[in-house]
Amino acid sequence: MALPIASPAQVSTQVSTQASADRLQSGNGAERARSGEPGAWRMPDGAALVRCPLCRGALSHVPDMPEHVRHKSARRAAQCVLSTARYQPDELVVNGSRNAVISAMNRRRFLEDWARHYLAMQATWPSLVIARFVTVLACADVLDLWSYAELREADVPAVLLVLAGFMRVPDEDAFAPPRVRGLVSDEARWVRFWFGANVREAADLWKPQDTPAALFRVDYRDAKSTPFPTGNEVLACTRVGDASDLWHRQPATSMLSVTADERRAVAQYVARSREYRLE
Ligand SMILES: [Zn+2]
């Protein structure tokens, strides 16, 4: 029996549900006073930017706030994920070939090397846990990410981080890798990864482009009136690197290590998915 196909909206709900669970588990972070300017965010090296990397809209700099930028156009500001009032901005479109042979081949190859992908993602977002990783794999299965004939292994960790949606920043008193706190500001309560303006759907990663696809991490403060942050809560946007950099930055083979519990979680996911798939 084939896995039931859900719409991206349903998948988004699944991811959001996971994020909701994260939020509940993490407790109620204290509301922080809003800093900065409405519609503005910090962009390292922002002084050199004239166009928004996520929507290509023209940017202006905020007086007396180094590295802070905002969109010049109100229409752009309403649409771009960095400033929209929507908490469910347009997701990455995944629309593969639905070719079962290609899908099975790509998925099998991924699963043979899942630990490398997991550790490459963790090197970029250290608080990624195995439960979230498995949830994102289930999401990729439903979207049939694996059925792209052009799928490039080196881009998969970045695609999975983007599909992970909003991820909670661990509270300072929670058990969390200390490296996370060094990555984001004290105000940050959520992060989300986005591709740059030239990647609207996964297929764009494998088309000839003038510039390589870039991955960005956006840091958000807590939202007061929406379930998830909007552009109004954006604190900073940081270019992580080219989409394939995550794969190439992964630890050396001798440093690769995943725990027995992590292996067990992935084995259980594979066993569950076999009940629905003919491979
Ligand atoms: Zn923009």
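The buried residues of helix H4 are covered by several elements, among them helix H3 (100–112), helix H5 (130–143), helix H6 (156–163), strand S7 (234–242) and helix H8 (245–248). H4 itself spans residues 114–124, and its buried residues include His117, Tyr118, Ala120, Met121, Gln122 and Thr124. The model described here is predicted. Its protein chain contains 9 helices and 7 strands. Of the 279 residues in the chain, 35% are buried. Among contacts with a separation of 6 or more, 73% are between residues 24 or more positions apart.

Strand S6 covers residues 214–220, and 7 of its 7 residues are buried, so the strand is largely enclosed by the rest of the structure. In a regular strand, side chains alternate between the two faces of the sheet. Both faces of S6 are covered. On one side lie Ala214, Phe216, Val218 and Tyr220, and on the other Leu215, Arg217 and Asp219, all of them buried.

S6 is paired with two other strands. With strand S5 (residues 190–195), the pairing is antiparallel and extends over 6 bridges. Within this pair, phenylalanine 195 is opposite leucine 215 of S6. S6 and S7 also run antiparallel and are joined by 7 bridges. Here tyrosine 220 has valine 234 of S7 as its bridge partner.

Nonpolar side chains tend to be buried together in soluble globular proteins. The largest nonpolar core in this model has 61 residues, of which Trp41 and Leu160 touch the most other members. Two or more residues of this core come from each of strand S1 (40–42), H4, H5, H6, S5, S6 and S7. When neighbours within four places in sequence are left aside, tryptophan 41 is in contact with His68, Val69 and Leu82, and also with Val234, Leu235, Ala236 and Cys237. Val234 is thus named twice, as a contact of tryptophan 41 and as the bridge partner of tyrosine 220.

H5, one of the elements covering H4, also packs against helix H9 (residues 260–274). The angle between H5 and H9 is about 25°, and their axes are 10 Å apart. Angles under 35 degrees count as roughly parallel, and H5 and H9 are therefore roughly parallel to each other. The crossing of H5 past H9 is right-handed. On the H5 side, the residues that meet H9 are Ile130, Ala131, Val134, Leu137 and Asp141. Their counterparts in H9 are Glu262, Ala265, Val266, Tyr269 and Ser273.

Conventions
Residues numbered from 1 in each chain as written. Predicted model: local features only at pLDDT ≥ 70, side-chain atom pairs only at ≥ 80, totals over all residues. Helix = DSSP H or I, 4+ residues; strand = E, 2+ residues; numbered from the N terminus. Buried ≥ 20, exposed ≤ 12 C-beta atoms within 10 Å, placed from the backbone. Contact = placed C-beta atoms within 7 Å. Pairing = 2+ DSSP bridges. Core = buried A, V, L, I, M, F, W, Y, C linked by C-beta atoms within 7 Å. Axes fitted to C-alpha atoms, helices over the stretch in contact; angles between N-to-C directions. Parallel < 35°, antiparallel > 145°, perpendicular 65-115°, else oblique. Left-handed = near helix turned anticlockwise from the far one by under 90°.
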